[in-house]
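Visitor: Before we start, I would like each structural label to be justified by its value and its cut-off. Could you take me through the model in that way?

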Amino acid sequence: MESFAYHDLGRIDYAEALTVQTEAFDALLHAKAESRQEDNKLFFCEHLPVLTIGKSGKDSNLLIPEPLLQQRGISFFHTNRGGDITYHGPGQITGYPVFDLEHWQLGLKQYIHTLEEVIIRFLALYDLKGERLDGATGVWLDPEVKGRARKICAIGVKSSRYVTMHGFALNINTDLSYFSLINPCGFTDKGVTSLEKELGGKQDFEKAKTQLHSLFSELFP
């Protein structure tokens, strides 16, 4: 039996998904305070086009005026996660683990390392070598190769009393042109990529979710 309850929210507006995960986060915190049992939850979804910026992010990393975002049908949210600005949209698996890390006896740094490991093992299924980059969360391809470093998965989390929310955004069949509107995760000298771009064709999105879910079960037993 899995140590978390898995929920596929499908394609959903960012604000709606934020409400769902915030309710789960609050419920887990309250249960913990009262020494009650409450499910850890893992949410997967796709978002409608949205830019989100973390609490340590800089508005200057948004490269077009906010009113133009509205004209293009792109939402914009300041969030309480770590990290800078990123894009979410169709073709991207956005994952929100609402986990009590004490269940696995993990600290926040170990947790982020384990999230990265999930993605690295996922990419290995496609013969891609995902790697970490010192000083930057997320998973990269060719991180140390000048002019070649490109991010395939962004990670940004919030934690309170070892309970987490927010999570990761993994580019599968993502329209990467949206990233030209921002300095992704605050970087100006590194690229962004997707599974589709790396493998030269559209990928099976549902299969990717199933594989990712399975890897979460392995690494968060």
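Visitor: Where is glutamine 105 found?

Guide: In this predicted model, glutamine 105 is found in the loop between strand S6 (92-98) and H3. Its phi is positive, about 55 degrees, although glutamine 105 is not a glycine.

Visitor: What makes glutamine 105 count as exposed?

Guide: The relative accessibility of glutamine 105 is 71%, and exposed means over 50%, so the residue counts as exposed.

Visitor: Which other residue, not a glycine, has a positive phi, and why is it called buried?

Guide: Histidine 166 has a phi near 60 degrees, a positive value in a residue other than glycine, and it lies in strand S10. Because buried means under 20% relative accessible area and histidine 166 has 2%, histidine 166 is called buried.

Visitor: Why is glycine 73 called partly exposed?

Guide: Its relative accessible area is 48%, and partly exposed covers what lies in between the 20% of buried and the 50% of exposed, so glycine 73 is partly exposed. Glycine 73 is found in the loop between helix H2 (66-71) and strand S4 (75-78), and its C-alpha atom is separated by 8.6 Å from that of valine 50, 23 residues apart along the chain.

Visitor: How do you know whether serine 194 is buried or exposed?

Guide: At 1% relative accessibility, set against a limit of under 20% for buried, serine 194 counts as buried. Serine 194 lies in the loop between strand S11 (191-192) and helix H4 (195-199). Leaving aside neighbours within four places in sequence, serine 194 is in contact with Ile152, Asn171, Ile172, Thr174 and Leu176, whereas glutamate 38, 156 residues apart in sequence, is 35 Å apart in space, C-alpha to C-alpha.

Visitor: How many aromatic pairs does the structure hold, and what makes the pair of phenylalanine 44 and phenylalanine 168 edge-to-face?

Guide: The structure holds 15 aromatic pairs. Phenylalanine 44 and phenylalanine 168 are 6.0 Å apart, centre to centre, with 90 degrees between the planes; since rings pair within 6.5 Å and planes over 60 degrees apart count as edge-to-face, this pair is edge-to-face. The pair links distant parts of the chain, with phenylalanine 44 in strand S2 (residues 41-47) and phenylalanine 168 in strand S10 (residues 163-171), 124 residues apart. Both phenylalanine 44 and phenylalanine 168 are buried.

Visitor: Why is the pair of phenylalanine 122 and tyrosine 126 called tilted?

Guide: The ring centres are 5.2 Å apart and the planes stand at 50 degrees, which is neither under 30, as for stacked, nor over 60, as for edge-to-face, so the pair of phenylalanine 122 and tyrosine 126 is tilted. Phenylalanine 122 and tyrosine 126 are both buried.

Visitor: What makes H3 and H5 oblique to each other?

Guide: The axes of helix H3 (residues 108-124) and helix H5 (residues 205-219) come within 9 Å and cross at roughly 135 degrees. Because that angle is above the 65 to 115 of roughly perpendicular and not over the 145 of roughly antiparallel, H3 and H5 are oblique to each other. The crossing of H3 and H5 is right-handed.

Visitor: Which residues make the contact, and how many of each class does it have?

Guide: The contact is made by residues including Thr114, Leu115 and Phe122 of H3 and Ala208, Leu212 and Phe216 of H5. By class, the contact of H3 with H5 has nine nonpolar, two polar and three charged residues.

Technical notes
Residues are numbered from 1 along each chain as its sequence is written. This is a predicted model: local features need pLDDT of at least 70, side-chain atom pairs count only at pLDDT 80 or more; totals for chains, interfaces and linings use all residues. Side-chain values use heavy atoms; hydrogens and water are left out. Helices (H or I, at least four residues) and strands (E, at least two) are DSSP runs, numbered from the N terminus. Buried means under 20% relative accessible area, exposed over 50%, partly exposed in between (1.4 Å probe, protein chains only). Axes are lines fitted to C-alpha atoms, for helices over the stretch in contact, and angles run from 0 to 180 degrees between N-to-C directions. Angles under 35 degrees count as roughly parallel, over 145 as roughly antiparallel, 65 to 115 as roughly perpendicular and the rest as oblique. A crossing is left-handed if the near helix is turned anticlockwise from the far one by less than a right angle, and right-handed if clockwise. Contact means heavy atoms within 4.5 Å. Ala, Val, Leu, Ile, Met, Phe, Trp, Tyr, Cys and Pro count as nonpolar, Asp, Glu, Lys and Arg as charged, and the others, Gly among them, as polar.
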